Amino acid sequence: IAARLNSSGFIRSQGLIGGKWIDAHDGKTIEVRNPATGDLITNVACMGGKETNDAIASAHEAFISWSKVTAAERSKCLRKWYDLLMAHKEELGQLMTLEQGKPLKEAIGEVSYGASFVEFYAEEAKRVYGDIIPATSPDRRLFVLKQPIGVVGAITPWNFPLAMITRKVAPALACGCTVVIKPAELTPLTALAAAELSIQAGIPPGAINVVMGNASDIGDALIASPQVRKITFTGSTGVGKKLMAGAAATVKKVSLELGGNAPCIIFDDADLDVALKGTLATKFRNSGQTCVCANRILVQEGIYEKFANAFSNAVGSMKVGNGFGEGVVQGPLINDNAVHKVESFLQDAISKGAKVLTGGKRHSLGMTFFEPTVISGVKSDMLISREEVFGPVAPLLKFKTEEEAIRIANDTNAGLAAYMFTTNIQRSWRVSEALEYGLVGVNEGLISTEVAPFGGIKQSGLGREGSKYGMDDYLEIKYICMGNM
Ligand code: ADP
C-alpha cells in the first residue's frame with residue numbers, strides 16, 4: 001500500500017512553503033513509521049525556526065492578496081479543495097491508517113469528516129456580515145466590519161491527522177486568513193497530501209504552508225513572530241498552557257482544544273441497548289485516543305451489574321489488529337508511551353481495588369496493540385478518574401443519585417465532552433444544564449459534526465471550532481464611526 005501511495009504521489013516528504021515543496025535547510029529528516037508494524041514509511045523534512053520564519057513570511061505575503069479576494073472566490077477554492085479531498089478519500093484514508101493506525105473504515109470516515117469542514121466553511125465564507133448600529137447622534141453613522149485576523153499558526157495532534165487541520169484551516173481561509181500548519185511529527189503525511197490537494201484546488205501559494213520537525217523550535221518561532229496574529233492549537237493541556245503564556249508577549253489571539261476527562265453517565269432509566277452502543281462508540285473510537293472519548297463511565301447502582309456484564313461482553317469481542325485487516329475495529333496505540341500510560345493507570349486502579357472484567361494487558365499481537373479493557377469498582381481518587389487515559393480502557397464507577405453523578409462528573413479541571421443515557425426528559429435537561437462541559441451528548445456517543453460548535457470550558461480550552469461560531473476565532477471586529485455627516 002505504501003508503495004502504491006508513493007507511486008501515485010500521495011506520500012510527500014518535504015514541507016510546503018510559499019507553494020514550493022522544500023527540504024529542511026540542513027537536510028535533516030525524521031522517520032515516519034507505521035505503528036501497526038513498525039515499518040518505516042518515509043523520512044520527512046525535519047524543520048525548525050528558520051523554515052518556520054520563511055513560512056510566516058510567505059503566509060504574510062499571501063495574506064495581503066488572499067484577504068482581498070472576494071468571498072465568492074475564496075469559497076470556490078475551498079469547495080474545489082473539498083471535492084478533491086472527497087475524490088481521494090480512499091488514498092487519504094489508506095495513508096492515515098498507514099501512519100496513524102486507525103482502522104481503514106474509521107480513517108476514511110475521518111477523511112469525510114475532515115472534508116466536511118472544508119465544505120461547510122466554503123459556504124460560510126460568503127456569510128461574514130457586519131452591522132450598522134443606530135447612532136447616538138443624528139450626524140453620525142456607526143458601522144461594524146469583520147476582517148480576517150492575519151497569519152494563523154495552527155498546531156495539531158496525531159489522533160485526527162486530517163480533521164484537526166481542516167477544522168482550523170478551512171475557517172481561517174474562509175475568513176481571508178493564511179496559515180502555517182505544524183502537523184504532529186507522528187502523522188505528517190496526511191497533512192502533506194491534503195496540502196498538495198489544496199494547491200491543485202487553486203488555493204494560492206503561501207495561503208497554506210506546512211512545516212514539521214522540531215516542535216518546540218517551530219512553536220517558539222510561531223509564538224515569537226509579531227506577524228502571526230493567532231495561534232490555534234489542539235493537543236495536550238501542558239503544551240497549550242505554554243503556548244498561551246507565550247502568546248502574551250505579542251498579544252496574539254489564542255484558540256485551544258486541550259485534554260478532556262469525559263464522564264459518561266448511565267442512569268437506571270436508560271435504554272440499555274442505546275447506552276451500550278453509545279458508550280462503546282464514545283469510549284473505543286480511535287482505540288480510546290480522542291479528547292472526547294468517555295474517560296469515566298458512571299453507572300447508577302440499579303443498572304450497574306446488567307450494564308457491566310453486557311458492556312464487557314461487547315468489549316471483549318471487539319476485533320483488534322492492523323487497521324487494514326478485515327473487520328478490525330481497534331488498531332494499535334500510537335506509540336510505546338501511550339501503552340505505558342495505559343498500563344500505569346491500570347496498575348494504579350487495580351492496586352486501589354478495581355477489578356478487570358475483560359482485557360487488561362498488552363495484546364498478543366505485540367507492538368503497541370492493547371486489549372480492549374473494562375474495569376469495575378473504579379473510584380474518583382484513582383489516576384484513571386483524574387486524568388485522560390487516552391487508550392482502550394473503560395473504567396466503571398458506581399453511583400446512587402443524580403446529584404452524586406453530577407458532583408462526580410464535574411469534579412475535574414477538564415470540561416470538554418460529557419455524555420448521559422436516560423429516557424427521562426426532565427432529567428436530560430436538568431443534567432445537561434448542570435454539567436460543566438462544552439459538549440453534551442444525550443443518548444448519543446458520537447456528537448461531533450462540522451455544523452455544531454466543538455470546544456471546552458475550564459482547562460479544556462478556549463474558542464470553538466466548527467459551525468458558524470468557528471468563524472469568530474479568525475475575525476477581528478472593526479468599528480467605524482462617521483461623524484459630521
Ligand atoms: P499529544 O500528547 O497529543 O502528542 P502534544 O501537545 O504533545 O500532545 O502534541 C500536540 C502538537 O503539539 C503536536 O503537533 C506536537 O508536535 C506539538 N508540540 C509539542 N510540544 C510543543 C511545543 N513546545 N511548542 C509547540 N508545539 C508543540
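Is the crossing of H4 and H5 left-handed or right-handed? Load the model and follow the stops below.

**Before you start**

This is a predicted model: local features need pLDDT of at least 70, side-chain atom pairs count only at pLDDT 80 or more, and totals for chains, interfaces and linings use all residues. Residues are numbered from 1 along each chain as its sequence is written. Helices (H or I, at least four residues) and strands (E, at least two) are DSSP runs, numbered from the N terminus.

**Stop 1: H4 and H5**

Select helix H4, residues 89-100. Add helix H5, residues 104-124. The crossing of H4 and H5 is right-handed. A crossing is left-handed if the near helix is turned anticlockwise from the far one by less than a right angle, and right-handed if clockwise. The two axes come within 8 Å and cross at roughly 125°. Axes here are lines fitted to C-alpha atoms, for helices over the stretch in contact, and angles run from 0 to 180 degrees between N-to-C directions. H4 and H5 are therefore oblique to each other. Angles under 35 degrees count as roughly parallel, over 145 as roughly antiparallel, 65 to 115 as roughly perpendicular and the rest as oblique.

Now show the side chains of the contact. H4 brings Lys89, Glu90, Leu92, Gly93, Gln94, Met96 and Thr97. H5 brings Leu104, Ala107, Ile108, Glu110, Val111 and Ser112. Two residues are in contact if their C-beta atoms, placed from the backbone, lie within 7 Å. By class, this contact has six nonpolar, four polar and three charged residues. Ala, Val, Leu, Ile, Met, Phe, Trp, Tyr, Cys and Pro count as nonpolar, Asp, Glu, Lys and Arg as charged, and the others, Gly among them, as polar.

**Stop 2: H5 and H6**

Keep H5 and add helix H6, residues 163-175. They pack at an angle of about 10°, with their axes 8 Å apart. H5 and H6 are therefore roughly parallel to each other. Among the H5 residues in the contact are Tyr113, Phe117 and Tyr121. H6 answers with residues including Thr166, Arg167 and Pro171. The contact divides into ten nonpolar, two polar and three charged residues.

**Stop 3: H3 and H7**

Select helix H3 (71-87) and helix H7 (188-200). Their axes come within 8 Å and cross at roughly 130°. That makes H3 oblique to H7. The crossing is right-handed. Trp81, Leu84 and Leu85 of H3 meet Ala194, Leu197, Ser198 and Gln200 of H7. Five of these residues are nonpolar, two are polar and none is charged.

**Stop 4: the ligand**

Which residues are the closest to the ligand? Select Ala215, Gly219, Gly235, Ser236 and Val239. In total, 13 residues surround the ligand. A residue is near a molecule if its C-beta atom, placed from the backbone, lies within 6 Å of it. Helix H8 (215-224) and helix H9 (237-247) each supply at least two residues of this shell. The largest share, three residues, comes from H8. Color the shell by class: five are nonpolar, five polar and three charged.

**Stop 5: the seven-stranded sheet**

This open sheet runs S14-S15-S16-S13-S12-S17-S18, with mixed pairing. Two strands pair if DSSP finds at least two bridges between them. Strand S14 (355-358) and strand S18 (439-442) stand at the edges, each with a single partner strand, so one side of each has no neighbour in the sheet. Neighbouring strands are turned by 25° against each other on average, direction ignored.

Zoom in on S12 (262-266) and S17 (417-421), which pair in the parallel sense over three bridges. Ile265 has Met420 of S17 as its bridge partner. Then add helix H10 (272-284), which packs on the sheet and touches S12, S13, S16 and S17. The direction of H10 makes about 165° with that of S17.

**Stop 6: the three-stranded sheet**

Finish with the open sheet S5-S6-S20, where the pairing is antiparallel. S5 (131-133) and S20 (475-482) are the edge strands, each with a single partner strand. The twist averages 25° from one strand to the next. Eight bridges join S6 (141-148) to S20. Look for Val144, which stands opposite Tyr479 in S20.
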